[in-house]
Amino acid sequence: MVPLVEEVVEDSLIWKDEQNGIYSVRPGYRLWRKSQANMWNKMMDGWRAASLSSLIEPRIHNFNDAQSFILDICSRGDIRDADRFAVMMDEIWKNRNNIVWNDTREEATKIGLQVYFHWHDWFLARGSSDRAQGPPPPIAWTPPNEGKLKCNVDASYNNSLGLTNRGWCVRNNVVKFIVVGVAWDYGILPTIVAEAMALKEAMQGAILLQLPNVIF
């Protein structure tokens, strides 16, 4: 036998983030902070789908603990953004429990869209503070009849990043999500154009998935 190396040593555990191979607190802390940032980055698609990325991205590196992060959003942000953020946190917690107890998880984009549409339905039903003096919103979502599906589309804007966001979802008569989708473009498009594009993309998705009896 010809040895592959001149000197053979016993296997041992090595801490790769230190040149001497020995663990210390400082690189351990850096690795933990990096893992936290990676976790948030993986969730960014969900935050974008819920139109909340403009709240998250400026703050993600400015706070060392979740409590300060949450309090800053709820105390300094627009009340509607804070409401949607609270719905997002609740949905993330539910997804975490499903992972732990049921071994099931939802995609981040789907979670974000669920949050946006749940909040939007609640917002329409509750009414907003700037409409307190006017008539109640005339439109409320109602489920389709059994055997049919209903698709809703919407558009929103991220003025700080100059983005036009579009989203659509298909639900059945028991309000279960069948499919959701999201897209965004650089530039602020007219509302009617953005919503028309969302409708077209929703119809294309329904045709691709061969969904029957869809009400748009």
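This report describes the sheet, the salt bridges, the aromatic pairs and a nonpolar surface patch of a predicted model.

**The sheet**

Four strands make up an open sheet, arranged in the order 3-2-1-4 and with mixed pairing. Its edges are formed by strand 3 and by strand 4 (214–215), each of which pairs on one side only. Strand 1 (residues 149–158) runs antiparallel to strand 2, and nine bridges connect the two; within this pairing, Asn 158 is placed opposite Leu 163 of strand 2. Strand 2 and strand 3 are likewise paired in the antiparallel sense, over nine bridges, and here Cys 169 has Val 180 of strand 3 as its bridge partner. The hairpin that strand 2 and strand 3 form has five residues between the strands, and in this hairpin Val 175 adopts a positive phi near 65°.

**Salt bridges**

The structure contains four salt bridges, and three of them are set out in the table below with the N to O distance of each.

| Acidic residue | Basic residue | N to O distance |
|---|---|---|
| Asp 81 | Arg 84 | 3.1 Å |
| Asp 90 | Lys 94 | 3.2 Å |
| Asp 185 | Arg 166 | 2.4 Å |

The salt bridge between Arg 166 and Asp 185 belongs to the sheet: Arg 166 lies in strand 2 (residues 163–171) and Asp 185 in strand 3 (residues 177–186), so this contact ties together parts of the chain that are 19 residues apart in sequence. The two partners differ in their exposure, since Arg 166 counts as buried at 5% relative accessibility, whereas Asp 185, at 28%, counts as partly exposed. Through salt bridges that share partners, Arg 166, Asp 185 and Glu 201 are joined into one network.

Helix 5 supplies the other two pairs in the table. Asp 81 and Arg 84 both lie in this helix, three residues apart, which is about one turn. Asp 90 and Lys 94 are also separated by about one helical turn, because they stand four residues apart in helix 5. For this second pair, both ends are partly exposed, with a relative accessible area of 37% for Asp 90 and a relative accessibility of 43% for Lys 94. Arg 84, in contrast, counts as buried, with a relative accessibility of 6%.

**Aromatic pairs and a charge over a ring**

What does the charged end of Arg 84 sit over? Besides its salt bridge with Asp 81, Arg 84 places its charged end over the ring of Trp 119, at 4.8 Å from the ring centre. Trp 119 is itself buried, with a relative accessible area of 6%, so that the residue carrying the charge and the residue carrying the ring both fall in the buried class.

The count of aromatic pairs in the model comes to two. Phe 69 and Phe 85 form a tilted pair, with 6.4 Å from centre to centre and 55° between the planes. This pair links distant parts of the chain, given that Phe 69 lies in helix 4 (residues 66–76) and Phe 85 in helix 5 (residues 79–102), 16 residues apart. Both Phe 69 and Phe 85 are buried.

Tyr 116 and Trp 119 form a pair that is also tilted, with 6.1 Å from centre to centre and an angle of 50° between the planes. Here the two partners belong to one helix, helix 6 (residues 108–126), in which they stand three residues apart, about one turn. Tyr 116 is buried, having a relative accessible area of 10%. Trp 119 thus takes part in two of the contacts described here, as the ring partner of Tyr 116 and as the ring beneath the charged end of Arg 84.

**A nonpolar patch on the surface**

Which residues make the nonpolar surface patch? Leu 199, Met 203 and Phe 216 form it, and its area is about 250 Å². Leu 199 is part of helix 7 (residues 191–209) and counts as partly exposed, with a relative accessibility of 32%.

Note on methods:
Residues are numbered from 1 along each chain as its sequence is written. This is a predicted model: local features need pLDDT of at least 70, side-chain atom pairs count only at pLDDT 80 or more; totals for chains, interfaces and linings use all residues. Side-chain values use heavy atoms; hydrogens and water are left out. Rings of Phe, Tyr and Trp (its six-membered ring) pair if their centres lie within 6.5 Å; planes under 30 degrees apart count as stacked, over 60 as edge-to-face and the rest as tilted. Buried means under 20% relative accessible area, exposed over 50%, partly exposed in between (1.4 Å probe, protein chains only). A charge sits over a ring if NZ of Lys or CZ of Arg is within 6 Å of the ring centre and within 35 degrees of the ring normal. Patches are made of residues with over 30% relative accessible area and no salt bridge: like charges are joined within 9 Å, nonpolar side chains (Val, Leu, Ile, Met, Phe, Trp, Tyr) within 5 Å. Accessible areas come from the Shrake-Rupley method with a 1.4 Å probe; for residues, only the protein chains shown count as cover. A salt bridge is a side-chain nitrogen of Lys or Arg within 4 Å of a carboxyl oxygen of Asp or Glu. Two strands pair if DSSP finds at least two bridges between them.
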